[in-house]
Amino acid sequence: MSLIARHFRGGVHPQEGKELSCSKPIQIAPLLSSYYVILHQHIGAPPKLLVKAGDDVKKGQVLAESGGFVSASVHAPTSGKVKLVEWPGPSGTKMKAVEIISDGKDEWDASIQHDPNWEQHSGEEIKKRIANAGIVGMGGAAFPTFVKLSPPLDKKIDTLILNGAECEPFLTADHRLMLENAEKVVTGALLLAKALSVNKIYIGIENNKPDAIEKLKEITNKNNIVVVPLRVRYPQGAEKQLIYAITGREVSTGKLPMDVGCVVQNVGTAAAVMDAVVDLIPLIERVTTVTGGTVCNPSNWKFRIGTPLYKVLEFAGGINMQPAKILLGGPMMGMAQSSLDVPIMKNTSGVLLLAKEEIAQYSSHPCIRCGRCADVCPMLLMAGTLSLMIESENFDLAEYTNVMDCIECGSCAYVCPALRPLVQHMKRGKAEVIANKQQK
Amino acid sequence: MFELVVLSVGLIVCMGILLGLGIGLTARAFEVKQDPRIELVIDALPGANCGGCGLAGCADLAKAIVAGKETVAKCPVCTSEGALKIAEILGTEIVQNTVRNVAVVLCGGDNKNAKLEARYNGVNDCKSAVLVSSGAKGCKYGCLGLGTCARVCPFNAIEMTDNGLAVVHPELCVSCGKCINACPKKLIKLVPEAVKIHVFCSSPEKGPAKMKVCKVACIGCRKCVKNAEENQMSMIGFLAQVNYDMPPPPELADASGCPTKCIRRTDDNLK
């Protein structure tokens, strides 16, 4: 069964909210006295801790090395003393973390130097540097980048797509990055293409960022990168939807982008790749948007990984009223947080503090079978029907009805007139199907 | 006219007799021989089809009992009269139902005693609620109080208190074990019914961390361990545990001097 119709079908267009922060240049966050670096920040195996409590580390030093093929290393965001702590993570549970008590010197590790010969390196060397830098997908999924760049031999990759769609409302981090660091993004893209040995490079950007499209078109004139303006439609930045919109290829059920010869990387990841290959700088900081109706000064920041949310708020000028919901990520797919201790992670593209008027608090009603969820589902699923199956705990039937294809974009819940928490049902269904599989 | 009636009635009667004979003979020829005792054993079993035995309902267990593969002890619901009846049917010795178990929810942190960290307004179901920030409670190990266990209990033995805590009524519980898998926090344990005292806390965190989020948590002060006789209580990390093989007397609940009163009698817990 094909997943995506002949034309990118479905999706929604929520209120954008990007005007709050899209004109604010990226600011560099000042040095903090403490950073809380959670060790397991990516999809895959947890990394192995290399430092002990009381150790002195330098900025960029490896704190924990990759603990398997699908894993990523974690680095110190500044120089200072190590303390091992249990710290609340975005999932709500306490996770193993390293607290770096800054010594104020912010000294780089000796191994981190500019490499003047970076242009001569082979694809293998580029991949090695990306792995060493602990780079993961910075759009939100946090999948180790180097794994995406190492497809099995029988999968022929011919296209690299950079994802600059930033379809989530409110977020402007990628937008600002493309505007201010366009060269970095393009160099990163060329390096990624070299690692994959592909010639076709596309950068997909939604039409609501004309300045970024203009800027990137200007500097990609000389090379073979094609900048593709995309329709403003959520979830345009979802991997499978982006591939379809740009190349017309469909990723079928249970398959990966590499099965259709594509690799998709976020523009933020590309910028991090350039840092890692040219200057050997590991992934210790990222661009994040702090916004929402309660934030005094919605803005874009370069935060070091491990900056706790209470500090993030301070930088953004504090709040002018009690937020009703705090989210990491965008309003459609972001994770609700219950603690301000949670630190910025490698995949935190936004910190949202929404006012009461900006969120909908409601209770669920029975499905009226209007079918609007099926109209907007970009994966052509029947969310309403699936939610009924999951409510009655019929997980086998839900699996048969392809609940595992759900990308949890939230379009169905956005349009549901019965106010059903459809995504939550889907998440539950997916969790149960995975648990059942593991039992067998 | 009269002839017509006689003819049609006669034909129908003849057809009936012939077809009836056919059915009878076919039934005889293809008869599935079933032990008549199975039906009797099914009647003697509770008939709740709770699945507590691990088989697909009471009929399945009855078959296994008659075949000698299982004993009635496998059924957690069956009373001693039931066991006696089955022993009579099968002509075997009475298999005493081993220690009778009941479920207990090892958490005392209702909405009054335990801190809520967030307001949850998603699907009214514990298994969905844990997907959002591991639940809204400050204590990440505590009862979420949305009643998933109470809804799966076929015997209505679990009550949700007004303050959002699941409590098992031991006299109704038959230890079928359905609630154990329903609880995403794994708070429900099957314990011998004879043990009337429990530590109503399951959080392995350190005392101060627990005190911040719950007034009735076990803070790991070891008072109960000291006041009990040897081996009756033990500490696993920062959590006191009742040794269910060698339980302390229920009086320990008062005698222990537990500062948070998290070691309680089963019946005190129901109040």
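Which residue stands opposite A:Thr159 in strand 12 of chain A? Keep that one in mind while you work through the exercises; the model is a predicted one.

**Exercise 1. Work out the parallel sheet of chain A, starting from the opening question.**

Step 1. The residue across from A:Thr159 is A:Cys262 of strand 12 of chain A.

Step 2. Now zoom out to the strands that carry this pair. Strand 9 (residues 159–164) and strand 12 of chain A run parallel and are joined by five bridges.

Step 3. Place them in the sheet. We've got an open sheet of four strands in chain A, ordered 11-10-9-12 and paired in parallel. Its edges are strand 11 (225–230) and strand 12 (262–266), each pairing on one side only. From one strand to the next, the twist averages 25 degrees.

Step 4. Add the helix. Helix 5 (residues 210–219) of chain A packs on this sheet and touches strand 9, strand 10 (200–206) and strand 11 of chain A. Between the directions of helix 5 and strand 11 the angle is about 165 degrees.

**Exercise 2. Decide whether A:Val228 is buried, partly exposed or exposed, and list what it touches.**

Step 1. Find it: A:Val228 sits in strand 11 of chain A.

Step 2. Count neighbours. A buried residue needs 20 or more other C-beta atoms within 10 Å, and an exposed one has 12 or fewer. A:Val228 has 17 C-beta neighbours inside 10 Å, so it counts as partly exposed.

Step 3. Look at contacts. Leaving out residues up to four places away in sequence, A:Val228 touches A:Tyr202, A:Ile203, A:Gly204 and A:Ile246. As for A:Ala245, 17 residues along the chain from A:Val228, the two C-alpha atoms are 9.4 Å apart.

**Exercise 3. Check the length of helix 4 of chain A and say how enclosed it is.**

Step 1. Do the length check. Taking 1.5 Å a residue, the 15 residues of helix 4 should span 21 Å, and the end C-alpha atoms are indeed 21 Å apart, so the two agree.

Step 2. Check burial. Helix 4 has 12 of its 15 residues buried, so the rest of the structure largely encloses it. Among the buried ones are A:Ala182, A:Val185, A:Gly188, A:Ala189 and A:Leu192.

Step 3. Tie this to the core. The largest nonpolar core holds 200 residues, and those touching the most other members are A:Val37, A:Ala189, A:Leu192, A:Val273 and B:Val105. Helix 4 (residues 182–196) of chain A gives this core its largest share, 10 residues. In soluble globular proteins, nonpolar side chains tend to be buried together.

Step 4. Follow one member. Not counting residues up to four places away in sequence, A:Leu192 touches A:Leu149, A:Leu160, A:Gln265, A:Ala270 and A:Val273.

Step 5. Walk off the end. Just after helix 4, A:Ser197 takes a positive phi of about 45 degrees.

**Exercise 4. Work out which way the residues of strand 1 of chain B point, and which strand it is joined to.**

Step 1. Sort the directions. B:Asn101, B:Ala103 and B:Val105 point one way, B:Val102 and B:Val104 the other, and all are buried.

Step 2. Draw the conclusion. With five of five residues buried, strand 1 (residues 101–105) of chain B is largely enclosed by the rest of the structure.

Step 3. Find the partner. Five bridges link strand 1 to strand 4 (residues 188–192) of chain B, and the two run antiparallel. Here B:Asn101 stands opposite B:Pro192.

Notes:
Residues are numbered from 1 along each chain as its sequence is written. Chains are lettered from A and ligands numbered from 1 in the order in which they are written. This is a predicted model: local features need pLDDT of at least 70, side-chain atom pairs count only at pLDDT 80 or more; totals for chains, interfaces and linings use all residues. A nonpolar core is a set of buried Ala, Val, Leu, Ile, Met, Phe, Trp, Tyr and Cys residues joined through C-beta atoms within 7 Å. Two residues are in contact if their C-beta atoms, placed from the backbone, lie within 7 Å. Two strands pair if DSSP finds at least two bridges between them. Axes are lines fitted to C-alpha atoms, for helices over the stretch in contact, and angles run from 0 to 180 degrees between N-to-C directions. The expected span of a helix is 1.5 Å times one less than its number of residues.
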